Amino acid sequence: MSSHTAEPSLPPTSGVPEPPVKKSQLERVTSPPALRFPRWLAELVDTHALTLLRTTVGIVFVGFGVLKLFPSASPAEQLAVDAATKMTLGLVPETVLLLSLAALETAIGIGLIAGRRLLRPALVAFFLHMGGVFSTLFLLPDAMWQPHSPAPTMEGQYVVKNVVLVAVCLVVAAHEWSHRDGHRSRGR
């Protein structure tokens, strides 16, 4: 009497090994829903980070540019006019200065939002504009700094906070110039 044990049969294989399951795929299946959403959101933001940064700064610029088109709507209106008047030695009328600043800021914002061919000129205009913005710290010291203190006034804080926008646009510009130029030179 012989004992016979049947071995389980395996489905036939094509001879090509299946690729291993990626850790992120495994985590999506095994993670509870409460943990999946933050990971999904982080991946989404990471994928679109530069577009998000560029677009949000563009929206800020369009918003502040458009405000300057309406009399007394912008909290920085008089500060901008006073600084621009000093920079132009008082040769340009205030109305022209304000409309020019409004048009410049709006154009920078549109260029940042649109990207593509408008991005590089918008970035150049942005950095030149920021040079003018930060020059107010020296051109209008009484308005920018508290007396007998190195602390900025409210207007000075309004100017200094632009360092965040400069940092964002530095990241966008670094990516734009390093990656776009690299792709063009490889394609030739």
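**Reading a helical model, step by step**

Tutor: Let's start with one pair of helices: α4 and α6 are roughly perpendicular to each other. Keep in mind as we go that this is a predicted model.

Student: At what angle do α4 and α6 pack, and how far apart are their axes?

Tutor: An angle between 65 and 115 degrees counts as roughly perpendicular. Here α4 and α6 pack at about 85 degrees, and their axes are 10 Å apart.

Student: Which residues make that contact?

Tutor: From α4 come A83, K86 and M87, and from α6 come G132, S135, T136 and L139. Sorted by class, the residues where α4 meets α6 are 3 nonpolar, 3 polar and 1 charged.

Student: Let's step back. How many helices and strands does the protein have?

Tutor: There are 9 helices and 0 strands. Going along the sequence, you read α-α-α-α-α-α-α-α-α.

Student: What share of the residues counts as buried?

Tutor: A residue is called buried when its relative accessible area is under 20%. Of the 188 residues in the protein, 28% fall in that group.

Student: And how do I read contacts along the chain? What percentage of them join residues 24 or more positions apart?

Tutor: Take the contacts with a separation of 6 or more; residues 24 or more positions apart account for 64% of those.

Student: Can you show me one such pair? Which residue has its C-alpha atom 4.3 Å from that of A102?

Tutor: That's G65, and the two are 37 residues apart along the chain. A102 sits in helix α5.

Student: Is A102 buried or exposed?

Tutor: Buried means under 20%, and A102 has a relative accessible area of 1%, so it is buried. Setting aside neighbours within four places in sequence, A102 touches G65, K68 and L69.

Student: Let's follow K68 next. Where is K68 found?

Tutor: K68 is in the loop between α3 and α4. With a relative accessible area of 6%, K68 is buried. Beyond its neighbours within four places in sequence, K68 is in contact with S74, A80, L98, L101, A102 and E105.

Student: Now for pockets. How much space lies in the largest pocket?

Tutor: About 440 Å³. Its lining has 26 residues, and those nearest the centre are K68, A80, E105, H129 and V133. So K68 turns up again, and its contacts A80 and E105 do too.

Student: Which elements give two or more residues to that lining?

Tutor: They are α3 (49-67), α4 (77-87), α5 (94-114), α6 (119-139), α8 (154-160) and α9 (162-187).

Student: How does the lining of the largest pocket split by class?

Tutor: It has 17 nonpolar, 6 polar and 3 charged residues.

Student: One more feature, the backbone angle phi. What sign does phi have in most residues other than glycine?

Tutor: Most residues other than glycine have a negative phi. Here R116 goes the other way, with a positive phi of about 50 degrees although it is not a glycine. H148 isn't a glycine either, and its phi is positive, at about 60 degrees.

Student: Where do R116 and H148 lie?

Tutor: R116 is in the loop between α5 and α6, while H148 is in the loop between α7 (141-144) and α8.

Student: Are R116 and H148 buried or exposed?

Tutor: Exposed means over 50%. R116 has 72% relative accessibility, so it counts as exposed. H148 has a relative accessible area of 87%, so H148 is exposed as well.

Key
Residues are numbered from 1 along each chain as its sequence is written. This is a predicted model: local features need pLDDT of at least 70, side-chain atom pairs count only at pLDDT 80 or more; totals for chains, interfaces and linings use all residues. Side-chain values use heavy atoms; hydrogens and water are left out. On a 1 Å grid over the protein atoms alone, a cavity is a set of points where a 1.4 Å probe fits but cannot get out, and a pocket is an open set with protein on both sides within 12 Å along at least five of seven lines; lining residues have an atom within 4 Å of a point. Grid points are joined across faces, edges and corners, and a volume is the space filled by probe spheres set on the points. Helices (H or I, at least four residues) and strands (E, at least two) are DSSP runs, numbered from the N terminus. Ala, Val, Leu, Ile, Met, Phe, Trp, Tyr, Cys and Pro count as nonpolar, Asp, Glu, Lys and Arg as charged, and the others, Gly among them, as polar. Axes are lines fitted to C-alpha atoms, for helices over the stretch in contact, and angles run from 0 to 180 degrees between N-to-C directions. Angles under 35 degrees count as roughly parallel, over 145 as roughly antiparallel, 65 to 115 as roughly perpendicular and the rest as oblique. Contact means heavy atoms within 4.5 Å. Buried means under 20% relative accessible area, exposed over 50%, partly exposed in between (1.4 Å probe, protein chains only).
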